Every structure is written in structure tokens, then in C-alpha cells.
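Take a walk through this protein, one region at a time. Begin with a single residue and work outward from there.

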Amino acid sequence: MPAYSPTTWVNGTAPALGATNLNKIENGIAAALPIDGSVAMTGQLDVIAGTQGTPSIAIASDSNTGIYFAAADKLAITEGGRGLTFDEFKMSLSMGAMI
């Protein structure tokens with residue numbers, strides 16, 4: 001993978017946004033945000049609330065299984081689009097659509 005090198009713009013004109021320049025952008029982001037755990041997060045991770053069918057935290061290959069936030073102060077998990085909500089140590093199961 002080639003090293004990122006900054007581009008100097010002449011007369012305020014940006015270079016064409018082709019594959020070469022997109023690769024430079026991608027390489028620069030990858031270098032700044034390592035995903036190998038070598039840099040610790042120092043703040044809160046904010047995500048969207050999500051739903052039973054599309055949880056906010058999911059695996060790319062299984063997009064309807066994961067964690068979502070059913071309402072204020074209500075954490076929920078979903079498997080195959082069927083939700084389980086945790087509400088002050090009580091749990092309620094929503095079967096959703098049966099296939």
C-alpha cells in the first residue's frame with residue numbers, strides 16, 4: 001500500500017476525485033484511526049437508537065441481530081428481528097413477525 005502524501009492545490013483547484021485520490025484519502029484515514037486496538041478510546045461512543053429489525057450495533061453479515069435502544073433508558077437485544085427489552089431488571093420478549 002503506497003504511503004499517503006499530501007496534495008498541493010494550485011489556484012484553488014482540487015485534483016479529480018478518482019480512484020488514486022480516494023485511495024490516498026482511505027490510507028490517510030486508516031493511518032490516523034488504527035483499528036488494531038493500539039489506540040484507546042477516550043470518550044463515549046454514540047450510536048443511533050436502532051430498531052428490532054435494524055439494530056444500531058450489528059454484525060455486517062447479520063444485520064437484524066444485535067443491540068438497539070428501544071426507548072429512553074431501555075436497552076434491548078434482537079435476534080433475527082425478534083427483540084428482548086431489558087427494563088429495570090424485568091424482561092419482555094417481542095416475537096415480531098413469525099416466519
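Where is the place of serine 56? Serine 56 sits in the loop between helix H1 (19-32) and strand E1 (57-59). This is a predicted model, and its coordinates should be read that way.

Is serine 56 buried or exposed? Its relative accessible area is 18%. The cut-off for buried is under 20%, so serine 56 counts as buried. Its side chain makes a polar contact with the backbone: the backbone oxygen of isoleucine 48 is reached at 3.1 Å. Beyond its neighbours within four places in sequence, serine 56 has two runs of contacts to look at. One includes Val47, Ile48, Ala49 and Gly50. The other includes Ile67, Tyr68 and Phe69.

Now step back to the whole chain. The protein has 1 helix and 5 strands. Read from the N terminus, the order is α-β-β-β-β-β. Buried residues account for 11% of the 99 residues. Among contacts with a separation of 6 or more, 12% join residues 24 or more positions apart. The exposed surface comes to about 8100 Å². Carbon and sulfur atoms supply 62% of that surface.

Next, follow the strands. Isoleucine 57 lies in E1. Its relative accessible area is 39%, so isoleucine 57 is partly exposed. Setting aside neighbours within four places in sequence, isoleucine 57 is in contact with Val47, Thr65, Gly66 and Ile67. There is also a distance to note along the chain. Isoleucine 57 and isoleucine 77 are 20 residues apart in sequence, and their C-alpha atoms are separated by 9.4 Å.

How do E1 and E2 run, parallel or antiparallel? E1 and strand E2 (residues 62-71) run antiparallel, joined by 3 bridges. One bridge pairs alanine 58 with glycine 66 in E2. The connection between the two strands is a hairpin through 2 residues.

E2 also pairs with strand E3 (residues 74-79). This pairing is antiparallel too and covers 5 bridges. Alanine 71 has lysine 74 in E3 as its bridge partner. A hairpin links E2 and E3, with 2 residues between the strands.

Which residue in that hairpin takes a positive phi? It is aspartate 73, in the loop between E2 and E3. Its phi is positive at about 60 degrees, although aspartate 73 is not a glycine. Aspartate 73 has a relative accessible area of 78%, so it counts as exposed.

Threonine 78 gives a contrasting case. This residue lies in strand E3. Its relative accessibility is 4%, and therefore threonine 78 counts as buried. What does its side chain reach at 3.1 Å? The answer is the backbone oxygen of arginine 82. A polar atom of the threonine 78 side chain also lies 2.9 Å from the backbone oxygen of glutamine 52. Look past residues up to four places away in sequence, and threonine 78 touches several others. Among them are Thr51, Gln52 and Pro55. Asn64, Thr65, Gly66 and Tyr68 are touched as well, and so is Gly83.

Arginine 82 appears again in a charged pair. How many salt bridges does the count give? The count comes to 1. Arginine 82 forms a salt bridge with glutamate 79, and the closest N and O atoms are 3.7 Å apart. The cut-off is within 4 Å, so this pair qualifies. Arginine 82 is partly exposed at 33% relative accessibility. Glutamate 79 is exposed at 52%.

Finish on the surface. Which residues form the nonpolar patch? The patch is made of Met41, Leu45, Val47, Ile57, Ile67, Phe69, Leu75, Ile77 and Phe86. Together they have about 760 Å² of accessible area. E2 and E3 are the elements that give two or more residues to this patch. Phenylalanine 86, one of the patch residues, lies in strand E4 (residues 82-87). Its relative accessible area is 33%, so phenylalanine 86 is partly exposed. Isoleucine 57, met earlier in E1, belongs to the patch as well.

Technical notes. Residues are numbered from 1 along each chain as its sequence is written. This is a predicted model: local features need pLDDT of at least 70, side-chain atom pairs count only at pLDDT 80 or more; totals for chains, interfaces and linings use all residues. Side-chain values use heavy atoms; hydrogens and water are left out. A salt bridge is a side-chain nitrogen of Lys or Arg within 4 Å of a carboxyl oxygen of Asp or Glu. Buried means under 20% relative accessible area, exposed over 50%, partly exposed in between (1.4 Å probe, protein chains only). Helices (H or I, at least four residues) and strands (E, at least two) are DSSP runs, numbered from the N terminus. Contact means heavy atoms within 4.5 Å. Accessible areas come from the Shrake-Rupley method with a 1.4 Å probe; for residues, only the protein chains shown count as cover. A polar contact is a pair of N or O atoms within 3.5 Å; within protein, one must be able to donate a hydrogen and the other to accept it, and residues adjacent in sequence count only if both atoms are side-chain atoms. Two strands pair if DSSP finds at least two bridges between them. Patches are made of residues with over 30% relative accessible area and no salt bridge: like charges are joined within 9 Å, nonpolar side chains (Val, Leu, Ile, Met, Phe, Trp, Tyr) within 5 Å.
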